[in-house]
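Trainee: Could you take me on a close look at one part of this model, the open sheet and what packs on it? I would love to follow it step by step.

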Amino acid sequence: METAIKTVMETQCPFCSVQCKMTITEQIEQGVKKYEVAPKQNAASEGRLCIKGMNAYQHALTGERISEPLMKKNGEFVPVSWKEAYSRIAEQFTVLQNEYGRDTIGVYGGGSLTNETSYALGKFARVALQTKYIDYNGRFCMSAAAAAGNKAFGLDRGLTNPLAEVRESECLILAGTNIAECQPTLMPYFRDAKENGAFIIVVDPRSTATAEMADLHLRIKPGTDAALANGLLKVIIDGGYSDEDFLEKRTTGFDDVREHIDSIKLEEIVALTGVSQEDIEEAGSRFGQAASGMVLTARGVEQQTDGSMAVRNFINVLLATGKIGKPGSGYGAVTGQANGQGGREHGQKADQLPGYRSIENDEHRAYIAKVWGIEPESLPGQGVSAYEMMEKVHAQEIRGLFLMGSNPIVSNPNANFVEEGLKKLDFLVVADMLFSETAQLADLILPTTAYLENTGTLTNLEGRVLLREAARKAPGLAKQDWEILSGIAVTLGKGAYFSYSCAEDIFEELRVASKGGIADYYGITYDRLRREEGVYWPCPSEDHPGEARLFQASFPRPDGRAEMIAVPNQFPKERPDDGYPLYLTTGRVLGHYLTGVQTHKSPTLEARQFESFVEIHPKTARRLSIKDDSLVRVRSRRGEVIVRSKLTASIREDTLFMPMHWNGIQNVNKLTSEALDPACKMPGFKVCAAAIAPVPALI
Ligand code: SF4
């Protein structure tokens, strides 16, 4: 009788920012492979796993993985050696740079890449290619909250205190965050808080599974979050709930905020937001009177053309009531992507060098240049944001693109325009493990590893750095991200700057590069991460425990105080009119992740939700003769999609909702607007004007 072969893989979920740990057991018995997935104890999810994590092995082990470099010849992909692939990249990029200048090559990364890849990718762009154009899809995930945190606190870290403190909080505002579907393993924290007596306020245009848990659901008009926060501030200030001692000692700018709030009438806020005065008053007074409180925001507030200011105004609410830097009191940006936090700290962002240093700051440039062994003058300057890179691609200012772990054709707003631009590129290289829609347009595809096959660190939404170690070999000829970047650098004659032999070598360099920076990882080592499970940054030395709760005594700004600023009530840039009479908002569903490249390859997840849909209120549907579960055409000024209708009273009558995980005719980003937040360049994914109509049945 054949003996069963058992392989046990200790790993970490590749999807959202919680980074739950798990054990996957593969058993081969009589030639048949079986898998068992068990959650593993870890501080963030406390040993819980959601359905995405339980099934994450399926896409990693699919037979559809890309396992060798593929070059497009006469319109067909044909396998080539790594040597040929590297030579072709070096040759094409060099020809383009000689003809159009260094900045004609763009580099585009992703928020699910490890810290080591994010760091190496930033260095690859600046040192190997010497282009200023690098950005990544995390721009769409974190930039509004990051801009707000940096300005208000002097530091941007997802949560300012550990998740466990949610249980201690007396009042929680969850603004534009659907934790129940996006980070489901965090729900027990909120349920426990509620059992402990916390009052939970959810701000969302939809009655989501998260909103069902709320004591008060503010069903806001999309895009009016900044105004709602002004309403809360009005109730707090007029009700005498502000913490004058904290405001005086720990903040600046409150007088301007007070003056601005004095000029606002609550009736205006009611008209703007569609939330009743009674509800605004209850929310403001509950939060104001609670002894502790937290505000968590996510894409609902942030993916707006005024997202960074809307977040700042929720931070104003926290500061006005002195609820930060104390147990159970703080701010949290609930990141979406696996490494949404670390991915924004180490240099794959247009304006940034490792350690959250600025590429426009001479001291920072000199420090990083020294670590990299180059002259500061040779470092390029600041580039542009992710969508602006797509505009440059369309305008053919960028003629060659190196893309790693991202699918911009589906994830960018105004997707038809983005696709048109990518088709104009002279040379597109895509490093990915699966055939994404963007990979299909590539001239060259480089096979990469899945989460089960690569070692690296990721920083979860709490700012806790975690080590994920490789648990199996990569299929075929697939290579680690850093090996690919080093291989190309060698062919470009820049190999001396990329002489790594493993991911830990890169982390050791990253530690030094981040030393003294805002996101200081110097005290974190792989050995420590193995021993301690995870370490919070900042962690300036190996004997430093890492800072779990930030801002207890001061804020890392020149005067040590948090900065408050008056935030005007703003409308979304694009508003409904006669031609496009409804708001369209977008989001996630429980079983899928980002553009679905990975989760659509999981039979279990795909079976749960195999097609997109549009949520519409039954009254609106009746008026437009739309039946439930029927095909409808949704249009905006930029394009149209055809999806199935889902009639539900859980959405506002003036609003439609579509998830973001599908491509082609179901891609909601064919409709979303290219308008960007001027401060952080976040696209306003969460609001555009749309029209909807039934698709006539074919006869
Ligand atoms: Fe945990 Fe998020 Fe993965 Fe679910 S998707 S298992 S919550 S890391």
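**A walk across the sheet**

Mentor: Happily! Start with one facing pair of residues: K73 stands opposite E76 in β5. Keep in mind that this is a predicted model.

That pair belongs to a hairpin made by β4 and β5, with two residues between the strands. Look at N74 in this hairpin, where phi is positive, near 50 degrees. Now follow the two strands themselves. β4 covers residues 70-73 and β5 covers residues 76-79; they run antiparallel and are joined by four bridges. You can find another facing pair here, since L70 stands opposite P79 in β5.

Next, zoom out to the whole sheet. It is an open sheet of seven strands, and if you walk across it you meet them in the order β5-β4-β18-β17-β16-β6-β7. The pairing is mixed. At the edges stand β5 and β7 (134-136), and each has a single partner strand, so one side of each is left without a neighbour in the sheet. As you step from one strand to the next, the twist averages 20 degrees.

Now see what packs on this sheet. Helix α3, residues 82-100, touches β4, β6 (105-109), β16 (400-404), β17 (427-432) and β18 (444-447). Compare directions and you will find that α3 makes about 140 degrees with β17. Then look for helix α4, residues 115-129, which lies across β6, β7 and β16. The direction of α4 is at about 175 degrees to β6.

A good habit when you study strands is to check the side chains one by one. In a regular strand they alternate between the two faces of the sheet.

Before you leave, it helps to set this beside a pair of helices. Two packed helices are described by the angle between their axes and by the distance between those axes. Take α8 (residues 225-238) and α14 (residues 307-320): they pack at an angle of about 15 degrees, and their axes are 8 Å apart. The two helices are therefore roughly parallel to each other, and their crossing is left-handed. By class, this contact has nine nonpolar, three polar and one charged residues. Among the residues that meet there are L232, L233 and I236 in α8, and F314 and V317 in α14.

So your route began at the facing pair of K73 and E76, crossed the seven strands from β5 to β7, and took in the helices α3 and α4. Enjoy tracing it again on the structure!

How values were computed: Residues are numbered from 1 along each chain as its sequence is written. This is a predicted model: local features need pLDDT of at least 70, side-chain atom pairs count only at pLDDT 80 or more; totals for chains, interfaces and linings use all residues. Side-chain values use heavy atoms; hydrogens and water are left out. Axes are lines fitted to C-alpha atoms, for helices over the stretch in contact, and angles run from 0 to 180 degrees between N-to-C directions. Angles under 35 degrees count as roughly parallel, over 145 as roughly antiparallel, 65 to 115 as roughly perpendicular and the rest as oblique. A crossing is left-handed if the near helix is turned anticlockwise from the far one by less than a right angle, and right-handed if clockwise. Contact means heavy atoms within 4.5 Å. Ala, Val, Leu, Ile, Met, Phe, Trp, Tyr, Cys and Pro count as nonpolar, Asp, Glu, Lys and Arg as charged, and the others, Gly among them, as polar. Two strands pair if DSSP finds at least two bridges between them.
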